[in-house]
Amino acid sequence: MARTMPTVIVEAINASSTSEAFLVLLEISHSLFTTQRVVNNTEDITSNGNVYTRFPFQMIAPPDSDEFRPRIQVVAFDAVGELVTDMRTIAGGRERAYCTVTIIAASDPDTALAQWSDFEVVGVEYNAEALRFDLVVESFISEPYPADTMNPANFPGLF
């Protein structure tokens, strides 16, 4: 399934020069910590009333193909701060954090140009230099169908 890009982004990418900067907002939530909001920028940004803390990171999207599951790799180069502490608390745990990815224009931070929700944070790794994790969408392909087995133990009224 092909990704669609907003027209304003495509025009800026194809222009010989542009003054527009596009920023990626990450909103990471988990029951063990307060929702973390970060932006790949050199200064904090307020978008729709929420303050996103500056945090140097890059995202690597999968190839635009039907053959690949939705998976985004995130690498943060300055692995210090509250986000790293929070990721350490959930690393190896059973409950996963969830992430929303939003792309905005720096000139209009309250308008989401693109947004993807319900990514699970998996594969958290960190060292003194970088914090790495993947954002994935749950795959329903591996789920059993039908979910239950029709047997006397599960459905005694049928037998």
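This is a short walk through a predicted model of one protein chain.

Hi everyone, and thanks for coming. Let me begin with confidence, as the model is predicted. The protein chain averages a pLDDT of 81, and 82% of the residues score at least 70. That score varies along the chain: among the elements, helix 1, residues 7–14, has the lowest mean pLDDT at 73, while strand 3, residues 45–47, has the highest at 94.

Now the overall layout. The secondary structure comes to 2 helices and 9 strands. If you read along the sequence, the pattern is α-β-β-β-β-β-β-α-β-β-β. Of the 159 residues in the protein chain, 31% are buried. As for the outside, the chain exposes about 10,400 Å², and carbon and sulfur atoms supply 51% of that area.

How do the contacts run along the sequence? Take those between residues at least 6 apart: 50% of them join residues at least 24 apart.

Let's move inside. In soluble globular proteins, nonpolar side chains tend to be buried together. Here, the largest nonpolar core has 25 residues, and the members that touch the most other members are L26, I28, F133 and L135. Several elements supply at least two residues each to this core: strand 1 (22–30), strand 2 (33–39), strand 6 (71–76), helix 2 (82–90), strand 7 (98–105), strand 8 (108–126) and strand 9 (131–136). Which element gives the most to this core? That would be helix 2, with 4 residues.

If you have the structure open, please find F133. Leaving aside neighbours within four places in sequence, F133 is in contact with L26, I28, I72, Q73, V74, M87, V121, V122, G123 and V124. There is also a second, separate core, made of 6 residues, and among them are L23, I45, Y52 and I104.

Next, the charged pairs. Side chains of opposite charge can pair when their charged atoms come close. The count for this model comes to 4 salt bridges, and I'd like to show you some of them.

We can start with D44 and R54, whose side chains meet in a salt bridge at 3.7 Å, N to O. D44 sits in the loop between strand 2 and strand 3, and R54 is in strand 4, residues 50–54, so this pair ties together parts that are 10 residues apart in sequence. Buried or exposed? D44 counts as partly exposed because its relative accessibility is 36%, and R54 also counts as partly exposed, at 47%.

Now look at R71 and D134. Their closest N and O atoms are 3.1 Å apart in a salt bridge. This pair links distant parts of the chain, with R71 in strand 6 and D134 in strand 9, 63 residues apart. Here the surroundings of the partners are worth a look: R71 is partly exposed at 34% relative accessibility, whereas D134 is buried, since its relative accessible area of 16% falls under the 20% cut-off.

My last pair is E120 with R96, a salt bridge in which the closest N and O atoms are 2.7 Å apart. E120 belongs to strand 8 and R96 to the loop between helix 2 and strand 7, so the bridge links distant parts of the chain, 24 residues apart. E120 counts as buried at 10% relative accessibility, while R96 is partly exposed, with a relative accessible area of 40%.

That's my tour. Thanks for listening, and I'm happy to go back to any part of the model.

Methods:
Residues numbered from 1 in each chain as written. Predicted model: local features only at pLDDT ≥ 70, side-chain atom pairs only at ≥ 80, totals over all residues. Heavy atoms only, no water. pLDDT = per-residue confidence, 0-100. Core = buried A, V, L, I, M, F, W, Y, C linked by side-chain atoms within 4.5 Å. Buried < 20%, exposed > 50% of the residue type's maximum accessible area, 1.4 Å probe, protein only. Contact = heavy atoms within 4.5 Å. Areas by Shrake-Rupley, 256 points an atom, 1.4 Å probe, with all protein chains shown as cover.
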